[in-house]
Amino acid sequence: MKRRRRFKKISFLKKLIWFTAGSFLIVLLFGFLVISSLSHDLPSISQISNRQIVESTKIYDRTGQVLLYEISNGERRTVVAIEDIPQYLKDATIVVEDEKFYEEPGFSPRGILRALFVNLTHGRILQGGSTITQQLARNAFLTPEQTVRRKIKEFILAIKLTRYYTKDQILALYLNEIPYGPTIYGVEAASRAYFNKPASGLSLAQSAILAALPRAPSYYSPWGSHKKELFQREQFILNKMFNSGKISKRQLEEALKTKIAFEPQAQTIKAPHFVIAVQDTLVQKYGEDLVRSGGLRVLTTLDWNLEQLAEKVVAEGSLKNEKLYQGKNAALVAQDSKTGQILALVGSRDYFDAENEGNFNVATQGLRQPGSALKPFVYLTAFKKGYTPSTVVFDVPTNFDTTNDPQKKYEPQNFDEKFRGPVSFRQGLAQSLNVPSVKVLYLAGVQDTIKTLHDFGVTTLNEYGRYGLSLVLGGGEVKLVDLVGAYSVLSQEGILHKQTMILEVRDSRGEILESYKDQNREVVDPEYPRLVNSILSDAEARSGLYQNSLYLTVFPDHDVALKTGTSNDYRDAWTVGYTPTITVGVWAGNNDNSPMVRQGSSILAALPMWHEFMVEALRLEPLDTFNKPAPLTVQKPILAGDYSSSGVHSLLYYINPKDPLGPPPVSPEDNLQFKNWETPVLEWVKTNLPNFLSSNQVTPFTDNQKTNLIRSSAPRVKIEEPSLGSFIQGQISLRAAIQGDALIAQIGIYFNNKLIRELKSDFGNSYFLNLTFVPPDPELQNLLMVKALDQNNKTGEASVIVYK
């Protein structure tokens, strides 16, 4: 019985041994299969050794010397040799990350057991027990996901790295690989970012700071909100270094006393609006992956000196506009007229001003109403149809609505709320008169004008049914960069040069992927732009518009043409001007499209910035002049400006807009606009020349009567002192020249629209006003105005803005 029991016991033990051995073999086999499976997609040593480090794309200015930006997948890195890394940093890293680094086989059994206990206790993965070698494996070759599968891969790869690399090689790879900030990788990049020095120059305290970061780079960031915790971790590391014999007591005390100063977080992007526009173009052409990790070298068209000037002008000008007109932003584009290359581009006052949407690029993305800035293209379209700069239209109050609905009345006003009677196309464009320009748009045709704008490179204004006669006053939206391109076509007499921001793109091997080639085409006969250039570059012709601001539009020895514009409610102010070599446009306003105060017209808000930029930019530009237009041969006298030899009527009485060079209309009243134009013209004649009106028919004028008709009878006032934009302290010295065709009878001086002095006398036809007064209650911005009244009750005035 005992023998049988002993036999059963031995038999049970044998089975248990075989079961245990079998189970162990099965687990071992399963583990081998798992390891083999997971090892299959791990990199080989050859792949590790030949690993291509991700390279960022670098964007340069046109010289290739100024690095504007590095586009990356989030890694800015500079690799350095292990001997260029101070021993302090190596020791600090080892004591805090992996004390047994030089002794362990790439993994820490103790660390793994500790992590296993913590993870089982909490029911989820909280610790990984990773050594320096494992961290390197994870950062360089694996994903950061916290799974058992990834942890086994990390373990396998760590063993593989340890077998084929020395500990110093692994440490060097680690210190060049791991993140020290959201986009800062490796000790060299970290040292330069936080301390503005190479890693080789780090002190003991600075080394401890860097060693503190890899555990949680964002949390411990020197630019973040946990500096206290960062310094506590630094002290912890320094004490560990002392306790492990890496530093002496004296070194510890000195390091703990050291005050650490960090470099401010650098704006690592120059010309941000321009660069982001270039980046968007690159991504569209080459794809996101190649742009972020392919190591492209991009040479742009940007002139860094002009860009810095543009940024300064926009920053200072918009700051002034904010104080004076509540206009917080501005944008500027400068283009080489002869090539289409963008030389400078500022999309907003401050790219990093999130509160005011500073990263929004008004220059390339903003759809803004251009005000009168479209007028040159309206007049050019009219010139193409046979009208001339001498053709006359009447500047009189006109309702352009043809529905007879009082709710749809459209009666535009001029900038000074005055009407001038008969004016030539040249005067209408040069002085930006609204009523004549609306008439010119009607004659040119809205659709044909939009076609001209599209031919000139404007990419918007595509909702044809939405635009009417208000288009000439800004009733449509355009982009600043498009408008600058269109004006550059004027400067090149009808040649459109395709805009570009890129000169050359090379891949990481230096192979050229693309290079600039001028793409140009003629979009209009050169004679028509020459007519426009002749008008816009005529300082005398535009003097009535700019008055005391005229000096902002004149540049000695340079032929400069320009046009300003202001949208409804003063939401947008524009100045676009050009020479034969450079075209520059400025927009001023608010990125959220809120209006500026009333005084924020184009002359006050945008023109000074444009002027400041042009003054400096033209120093580098060659002296050049616009070609003069050829003499015009006109068959119809009415198109040559002879509007009165057959009686005074509106232009529609003599011209069929569909065929201006053809015979006059048989029944002009069939034109829906005829009555709108004709009635106020006859009213003007009745008021100004009553002797020549009989039964609604006007007899021909004599030459002397024509002269009197054309001549302005209102007094002309020019304020010579103070100048526009000057500052006042105490009293104001006022000097103004006043001239009139009739005798001057009364002069009034107004300050902020309040009459402060009135003079009555027989001043003759010419009088020079010279007086000094103390202004009542001056504000930050003030309007000083001089009004003159002649004996025929005609009034002339001039005004300037002065600042307290």
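# A tour of the predicted model

Start by selecting Tyr570, which is found in the loop between β14 and β15. Tyr570 has a positive phi of about 60°, although this residue is not a glycine. Most residues other than glycine have a negative phi. Keep in mind throughout that this is a predicted model.

**The sheet around this loop**

Next, select the strands on either side of the loop and the sheet they belong to. Five strands make up an open sheet, in the order β7-β6-β16-β15-β14, with antiparallel pairing. Go to the edges, where β7 (342-346) and β14 (561-566) stand; each has a single partner strand, so one side of each is left without a neighbour in the sheet. On average, neighbouring strands of this sheet are turned by 10° against each other, direction ignored.

Now select β6, residues 329-336, together with β7. Four bridges pair these two strands in the antiparallel sense. Which residue in β7 stands opposite Val333? Show side chains and find Leu345 there.

Add residues 607-617. This is helix α23, which packs on the sheet and touches β6, β14, β15 (572-578) and β16 (582-589). The direction of α23 makes about 150° with that of β16.

**A cavity**

Return to β14 and look for enclosed space. Rolling a probe the size of a water molecule over the atoms shows where empty space is left. The count comes to one cavity of 30 Å³ or more. About 50 Å³ of space lies in the largest cavity.

To see the lining, select Leu429, Ala430, Ile535, Leu536, Arg542, Leu545, Tyr546, Leu562 and Lys563. Colour these residues by element: those giving two or more residues to the lining are α16 (425-430), α20 (527-536), α21 (539-546) and β14. Which element gives the most to the lining? That is α21, with three residues. Then colour by class: seven lining residues are nonpolar, none is polar and two are charged.

**A second sheet**

Hide the cavity and select another open sheet of five strands, in the order β2-β1-β5-β11-β12. Here the pairing is mixed. At the edges are β2 (67-71) and β12 (512-515), each with a single partner strand, so one side of each is left without a neighbour in the sheet. Neighbouring strands of this sheet are turned by 15° against each other on average, direction ignored.

Within this sheet, select β5 (residues 297-300) and β11 (residues 502-506), which run antiparallel and are joined by four bridges. On β5 and β11, find Leu299 opposite Glu504.

**Backbone details further along**

Select Glu721 and Pro722. The peptide bond from Glu721 to Pro722 is cis, with omega near 0°. Most peptide bonds are trans. Pro722 lies in the loop between β19 (716-721) and β20 (732-751).

Then follow β20 to the loop between β20 and β21 (754-773), where Asn753 lies. Asn753 has a positive phi of about 65° and is not a glycine.

**Confidence**

Finally, colour the whole protein by pLDDT. The mean pLDDT is 85, and 83% of the residues reach 70 or more. Select residues 30-39, where the pLDDT is below 50; this stretch has seven contacts in the model beyond near neighbours in sequence. Over residues 691-712 the pLDDT is also below 50. How many contacts does the stretch 691-712 have beyond near neighbours in sequence? The model shows 32.

Technical notes. Residues are numbered from 1 along each chain as its sequence is written. This is a predicted model: local features need pLDDT of at least 70, side-chain atom pairs count only at pLDDT 80 or more; totals for chains, interfaces and linings use all residues. Side-chain values use heavy atoms; hydrogens and water are left out. Two strands pair if DSSP finds at least two bridges between them. Axes are lines fitted to C-alpha atoms, for helices over the stretch in contact, and angles run from 0 to 180 degrees between N-to-C directions. Contact means heavy atoms within 4.5 Å. On a 1 Å grid over the protein atoms alone, a cavity is a set of points where a 1.4 Å probe fits but cannot get out, and a pocket is an open set with protein on both sides within 12 Å along at least five of seven lines; lining residues have an atom within 4 Å of a point. Grid points are joined across faces, edges and corners, and a volume is the space filled by probe spheres set on the points. Ala, Val, Leu, Ile, Met, Phe, Trp, Tyr, Cys and Pro count as nonpolar, Asp, Glu, Lys and Arg as charged, and the others, Gly among them, as polar. pLDDT is the predictor's confidence in each residue, from 0 to 100.
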